[in-house]
Amino acid sequence: MEYSLDGFRKSLIDDKIIKHGDKILVALSGGPDSVFLLRMLRMLRDEFELEISAFHLNHCIRQTAQRDEDFCVSLCDDLDIPIDIFKTNITEKAFNEHISLEQAGRDKRYEIMESYRGKVTLVVTAHHMDDNVETVIMHLIRGTGIEGLCGIPLLKDGFIYRPLLNYRKEDIVSFLDSNKYEYVIDETNSSDNYFRNRIRNLIIPILENENPNFKKGVCHLSSIACDYEKEIDRISSAIHLDIAGQNSVCVNYEDIMCNSDLVIYKVLKRMLDSIGKGRDVSYNSIKDVIGMIHDGSKTVWSYDVAHAVIKRSYGIMVCESERSAQGLSEFSYTLPVPGCICLARERIIIKCFEVSKDDFSKRDKADEHCCYISMDNINEKLTVRNRKEGDVFRKIGAPGGKKVNRLFIDRKVPDELRDKIPIIESNDDIVCILGFGADERYKVTDKTERILKITMI
């Protein structure tokens with residue numbers, strides 16, 4: 001990599017991410033990497049017609065944190081670049097959220113970056129080759145799959161761009177020193193109290209002693225892994241997901257069952273991501289689910305994964321948060337005759353009104369959300385409720401009755417929907433089950449005097 005302005009210009013052109021006229025926000029720590037990035041972009045500002053700004057996070061951890069903030073403000077003032085300053089007590093944040101200082105700082109930085117979405121075209125960070133190598137090694141130590149071998153992506157979510165991933169740290173520092181460009185040093189980088197620092201200061205030197213080109217080898221491996229990952233993403237992204245609200249998503253079982261384990265993992269990861277439960281979900285954490293999908297012998301099952309539930313209900317795979325997976329509590333409402341009722345929680349509207357025998361004869365028999373019953377044996381009020389233990393439904397024309405729970409199983413009603421199906425009751429008798437028709441005792445016959453039409457929206 002050529003560490004000159006020409007080399008940096010070429011890397012931007014080759015990446016094809018930054019375009020003329022873009023609004024660029026630089027994550028500026030004051031360290032050599034971000035200073036190098038800011039100065040390079042500043043030199044190309046007029047040529048690329050860029051609108052450059054920066055932000056700095058004062059994490060309030062070190063006594064020199066204020067020094068870093070002051071340096072960043074002064075540097076941006078010298079370069080005629082606007083800067084926003086954020087102050088957060090990262091130590092307090094880590095304690096309150098029961099996470100490491102590293103994770104707390106990272107979370108806060110990305111929270112700040114996301115707050116600029118829609119205000120700038122891209123956020124650029126100064127992650128370089130050494131950062132990428134350290135990240136891959138950290139993933140290997142913790143346990144990882146192909147996704148972890150990819151390391152730090154060049155472009156994250158189409159918004160966060162890392163143009164220095166082919167740059168070595170030592171060459172960045174050499175460039176700044178040779179040009180007498182000032183920067184600050186984070187004293188904690190030399191401390192072995194942090195996981196990444198131990199990788200950088202203790203492990204990598206041993207590996208480089210065995211192979212001086214070790215870092216390049218890791219980057220080559222990372223590049224190959226990314227190619228595999230992109231192909232898996234391409235296949236898995238073609239599988240359609242049905243979003244059923246903020247806390248639930250489903251996919252057809254047959255659409256994923258014949259795919260490879262890695263493709264199924266990606267689909268399940270997408271499902272978990274869509275309900276906000278996909279963070280840090282590894283392949284190993286859901287390999288039992290993948291095995292159940294391949295097995296196919298059980299048509300109904302569920303697994304708890306990452307504070308969510310993944311389950312199969314006949315031909316449907318469902319992923320939902322624990323809250324929605326708990327199902328609905330019992331409900332019971334009075335339905336006036338005639339009248340209308342809105343079941344807000346169940347997102348259902350039920351209407352009932354009297355119709356003539358002529359209207360009944362013209363009914364659409366294929367409309368499962370419409371039911372006709374005899375009014376001769378009911379009073380002026382009905383009850384709308386969900387199922388309860390011991391319910392028996394007598395289907396028109398069928399001998400005897402069948403338990404409602406068994407009826408739902410036979411009709412392959414997904415388990416998560418069974419408590420939502422409205423049952424119409426009169427004098428403790430089931431009059432009809434919307435979607436299943438009228439009970440034999442309340443069917444319309446030639447002798448029926450009054451007919452009630454019940455519809456569900």
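A residue counts as buried when its relative accessible area is under 20%. In this predicted model, Met375 has a relative accessible area of 7% and is therefore buried. Met375 sits in the loop between β15 (370–374) and β16 (381–385). Beyond its neighbours within four places in sequence, Met375 is in contact with Val337, Glu354, Arg450, Ile451 and Leu452. Lys453 is 78 residues from Met375 along the chain. The C-alpha atoms of Met375 and Lys453 are nevertheless separated by 9.6 Å.

Val337, one of the contacts of Met375, also takes part in a cis peptide bond. The bond runs from Val337 to Pro338, with omega near -10°. Pro338 lies in the loop between β12 (332–336) and β13 (339–343).

The nonpolar interior was examined next. The largest nonpolar core has 34 residues. Phe8, Val26, Leu38 and Leu41 have the most contacts inside this core. Helices and strands both contribute. The elements that give two or more residues are α1 (5–15), β1 (23–27), α2, β2 (51–58), α4 (65–78), β4 (122–124) and α9. Helix α2 gives the most, with six residues. The surroundings of Leu38 were traced in detail. Apart from neighbours within four places in sequence, Leu38 is in contact with Val26, Leu28, Ile52, Leu75, Cys76, Leu79 and Ile81. Val26 is thus both a contact of Leu38 and, with Leu38, among the residues with the most contacts inside the core. A second, separate core has 27 residues. Ile232, Val251, Met292 and Cys319 are included in this second core.

Helix α2 (residues 32–43) also holds Asp33. Asp33 is acidic in name but not exposed in this model: its relative accessibility is 14%, and it counts as buried. The side chain of Asp33 makes a polar contact with the side chain of His128, at 3.2 Å. With neighbours within four places in sequence left aside, Asp33 is in contact with Ala126, His128, Leu164, Lys169 and Ile172. His128 therefore appears both in this contact list and as the polar partner of Asp33.Helix α9 (residues 169–178) contains Phe175. Phe175 is buried, with a relative accessible area of 15%. Ser4 is 171 residues from Phe175 in sequence, yet the two C-alpha atoms are 8.0 Å apart in space. Aromatic pairing was then surveyed. The whole structure holds ten aromatic pairs. One of them joins Phe175 and Tyr181. The ring centres of this pair are 6.3 Å apart, the planes meet at 45°, and the pair is tilted. Tyr181 is partly exposed, at a relative accessible area of 21%, whereas Phe175 is buried. Ring pairs extend the arrangement into a cluster of Phe36, Tyr167, Phe175 and Tyr181.

Charged side chains were also found over aromatic rings. Lys156 lies over the face of Tyr110, at 6.0 Å from the ring centre. Arg363 lies over the face of Phe360, at 3.9 Å from the ring centre.

Tyr110 is one of the buried residues of helix α6. The others are Ala104, Gly105, Asp107, Lys108, Ile112 and Met113. Helix α6 (residues 101–115) has 15 residues. From its first C-alpha to its last, α6 reaches 21 Å. This is close to the 21 Å expected at 1.5 Å a residue.

The backbone was checked for positive phi values in residues other than glycine. His98 has a phi of about 55°. It is found in the loop between α5 (90–97) and α6. His98 is exposed, with a relative accessible area of 72%. Cys60 has a phi near 60°. Cys60 lies in the loop between β2 and α4. Its relative accessible area is 37%, and Cys60 is partly exposed.

Definitions and conventions. Residues are numbered from 1 along each chain as its sequence is written. This is a predicted model: local features need pLDDT of at least 70, side-chain atom pairs count only at pLDDT 80 or more; totals for chains, interfaces and linings use all residues. Side-chain values use heavy atoms; hydrogens and water are left out. Helices (H or I, at least four residues) and strands (E, at least two) are DSSP runs, numbered from the N terminus. Buried means under 20% relative accessible area, exposed over 50%, partly exposed in between (1.4 Å probe, protein chains only). Rings of Phe, Tyr and Trp (its six-membered ring) pair if their centres lie within 6.5 Å; planes under 30 degrees apart count as stacked, over 60 as edge-to-face and the rest as tilted. A charge sits over a ring if NZ of Lys or CZ of Arg is within 6 Å of the ring centre and within 35 degrees of the ring normal. The expected span of a helix is 1.5 Å times one less than its number of residues. A polar contact is a pair of N or O atoms within 3.5 Å; within protein, one must be able to donate a hydrogen and the other to accept it, and residues adjacent in sequence count only if both atoms are side-chain atoms. Contact means heavy atoms within 4.5 Å. A nonpolar core is a set of buried Ala, Val, Leu, Ile, Met, Phe, Trp, Tyr and Cys residues joined through side-chain atoms within 4.5 Å.
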